[in-house]
Amino acid sequence: MTADEFAVELLTTVVVGAEDEETARGACADLIRRTAGRVVQSVDCSDEEPGCRSVTLARTTSAPASANQAAALSRAVRELLNLLGPGFTGARVSCEPPSAWTVIDDPALVGSLVTRGDRMLVEAWSTTGGTDSAGDATSAAAAGPLTGSPHQSPAQPSRSESHSGNHVDP
């Protein structure tokens with residue numbers, strides 16, 4: 001990364017029908033290859049849905065520092081969706097710096113990429129800070145992840161998508 005770029009952490013969380021961590025990680029093998037991500041978390045969420053786990057992948061990339069942060073974060077989410085295939089590219093991307101996100105709630109589409117996959121949350125976080133719409137310094141560490149606690153469903157962001165954030169259609 002150069003001085004003209006800022007770091008972007010891409011997180012992909014998928015809910016998988018799996019009884020154990022090994023099965024859940026195995027189901028995500030194609031997703032891991034396509035996104036060049038690494039598994040950072042695997043959580044049993046069968047208290048919400050019997051026989052399900054969430055698996056979160058992470059990958060760090062960069063965006064031009066001179067770009068509008070909201071546009072750069074949204075672009076990072078859309079670029080990851082493009083890697084997943086044509087069925088994923090029409091998803092609506094929401095953005096409120098320091099993050100942008102989308103939820104794919106289409107079991108057939110997610111299942112075409114992840115065996116027994118149900119839904120997916122794709123997030124982009126500015127990890128080196130920046131400014132929000134009010135000009136205040138922000139960072140991913142200060143804001144926290146959209147996926148919330150390990151017991152919260154990862155495809156249901158803890159922040160309401162009905163807030164006044166920027167909504168960017170592809």
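Q: What makes up the area that the chain exposes?
A: The chain exposes about 7,900 Å², and carbon and sulfur atoms supply 48% of it; accessible areas come from the Shrake-Rupley method with a 1.4 Å probe, and for residues only the protein chains shown count as cover. This is a predicted model, in which local features need pLDDT of at least 70 and side-chain atom pairs count only at pLDDT 80 or more, while totals for chains, interfaces and linings use all residues. Residues are numbered from 1 along each chain as its sequence is written, and side-chain values use heavy atoms, with hydrogens and water left out.

Q: Why is Ala76 called buried?
A: The relative accessibility of Ala76 is 7%. Buried means under 20% relative accessible area, exposed over 50%, and partly exposed in between (1.4 Å probe, protein chains only). Ala76 therefore counts as buried. Of the 170 residues of the chain, 46% count as buried.

Q: Which residues are in contact with Ala76, leaving aside its neighbours within four places in sequence?
A: They are Val8, Leu10 and Ala124, where contact means heavy atoms within 4.5 Å. Ala76 itself lies in helix α3; helices (H or I, at least four residues) and strands (E, at least two) are DSSP runs, numbered from the N terminus.

Q: Why is Cys28 called buried or exposed?
A: Cys28 has a relative accessible area of 0%, so Cys28 is buried. Cys52, at 5%, is therefore buried as well.

Q: How many disulfides does the rule give?
A: A disulfide is a pair of cysteine sulfur atoms within 2.5 Å. By this rule the count comes to zero.

Q: What makes a set of residues a nonpolar core?
A: Such a core is a set of buried Ala, Val, Leu, Ile, Met, Phe, Trp, Tyr and Cys residues joined through side-chain atoms within 4.5 Å. The largest one here has 34 residues, and Val14, Leu81 and Met120 have the most contacts inside it. Elements that each supply at least two residues of this core include β1 (5–17), β3 (52–64), α3 (69–84) and β6 (117–126). Helix α3 gives the most, with eight residues. In soluble globular proteins, nonpolar side chains tend to be buried together.

Q: How do you know that β1 and β3 pair?
A: Two strands pair if DSSP finds at least two bridges between them. β1 and β3 have 13 bridges, in the antiparallel sense. Strand β2 (residues 38–44) and β3 pair in the antiparallel sense too, over six bridges. Arg53 of β3 is the bridge partner of Val16 and also of Asp44.
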